[in-house]
Amino acid sequence: MDLTTSYESVFASRTLARYQFREVRNAAAILKATNPRETCMIEGVLNDFKLLSSDLIDAGGSESALAKRINGSFRTMGWREARVDTDIELKLRIFPYRPAGERAVTESSTLVSNEGYKVDNFTGRIALDLEWNAKDGNLDRDIGAYRALYDAGLIDAAVLITRTQADLRELGTRLRIEAGIEPEEARKVLATSTTTNIDKLLPRMTRGDGGGCPILAVAICAETWEDSERSNSQI
């Protein structure tokens, strides 16, 4: 599946300069056409967000400070966690054999429940997840959820915010060394090869794992870093 570039005409140049964007099925254009208010919210969160030195220096837990800031921004605007579950009732009907004197239909039923995957943020007809530095298997879970939501007619498109790899690792290593961390330890930042990033996400998008769902990927990168030291030096 080919990548498209509709985000170039959807988002402002300021936004495009601070993140790396990728998409399939003209996701950004579909977002803007079908959910214009929510698309403005997304761009507003991206423009307000700053990647801090501490995001790269400090070790993150189950939900890093970075994830809490981004998800918190969406929560304050009404976005919520969501999950699509499926309940199917199977009915078995055994019909009577009248020569044997049977008259009534015998019926039994079984309820089959399938619990879906959560998405981090949902509003309108958009699902949005943040995968900063989780196991890359989370990408399969997220895209599977988007596909189910889209096939059920519940969303028009999905957004997945993640990160780049090489440039952020280089930046993080430098910041950690400057913070007094030994070089060998400093180089361990974002060093795991099986965590979520844009390079892990792209093959899943282009091979069509999301089915017909338009997916927009937004990658936090070195250009997103706007810590106070750099900001002050540019005043």
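1. Start with the outward side of helix H6: Lys 68 and Thr 76 are the exposed residues on the face turned away from the buried side of H6. Bear in mind throughout that this is a predicted model.

2. Now turn H6 over. Leu 66, Ala 67, Ile 70, Asn 71 and Phe 74 are the buried residues here. Looking down the axis of H6, you find these buried residues within an arc of 115 degrees, so they line one face of the helix. Note that Asn 71 is on that buried list alongside Leu 66, Ala 67, Ile 70 and Phe 74.

3. What packs over that side? The cover on the buried residues of H6 includes two helices, H4 (36-48) and H5 (53-57). It also includes the strands S5 (118-123), S6 (126-130), S7 (157-163) and S8 (215-220).

4. The length of H6 checks out. The helix runs over residues 65-76, and at 1.5 Å a residue its 12 residues should span 16 Å; the end C-alpha atoms are 16 Å apart, which agrees. After H6 comes Gly 78, with a positive phi near 100 degrees.

5. On to the rings: there are four aromatic pairs in the structure. One of them joins Tyr 7 and Phe 21, and this pair is stacked, with 5.6 Å centre to centre and 20 degrees between the planes. It links distant parts of the chain, since Tyr 7 sits in helix H1 (residues 7-10) and Phe 21 in strand S1 (residues 19-24), 14 residues apart. Both Tyr 7 and Phe 21 are buried. If you want to view the wider group, Tyr 7, Phe 11, Tyr 19 and Phe 21 are linked into a cluster by ring pairs.

6. A word on backbone angles. Most residues other than glycine have a negative phi. Asn 26 is not a glycine, yet its phi is positive, about 50 degrees. You'll find Asn 26 in the loop between S1 and helix H3 (27-34). Asn 26 is partly exposed, as its relative accessible area is 35%.

7. Leu 190 also calls for a look: it is not a glycine, but has a positive phi of about 50 degrees. Leu 190 belongs to the loop between helix H9 (183-186) and helix H10 (198-206). Is Leu 190 buried or exposed? Leu 190 is buried, because its relative accessible area is 9% and buried means under 20%.

Notes:
Residues are numbered from 1 along each chain as its sequence is written. This is a predicted model: local features need pLDDT of at least 70, side-chain atom pairs count only at pLDDT 80 or more; totals for chains, interfaces and linings use all residues. Side-chain values use heavy atoms; hydrogens and water are left out. Helices (H or I, at least four residues) and strands (E, at least two) are DSSP runs, numbered from the N terminus. The expected span of a helix is 1.5 Å times one less than its number of residues. Buried means under 20% relative accessible area, exposed over 50%, partly exposed in between (1.4 Å probe, protein chains only). The arc is that of the directions from the helix axis to the C-beta atoms. Contact means heavy atoms within 4.5 Å. Rings of Phe, Tyr and Trp (its six-membered ring) pair if their centres lie within 6.5 Å; planes under 30 degrees apart count as stacked, over 60 as edge-to-face and the rest as tilted.
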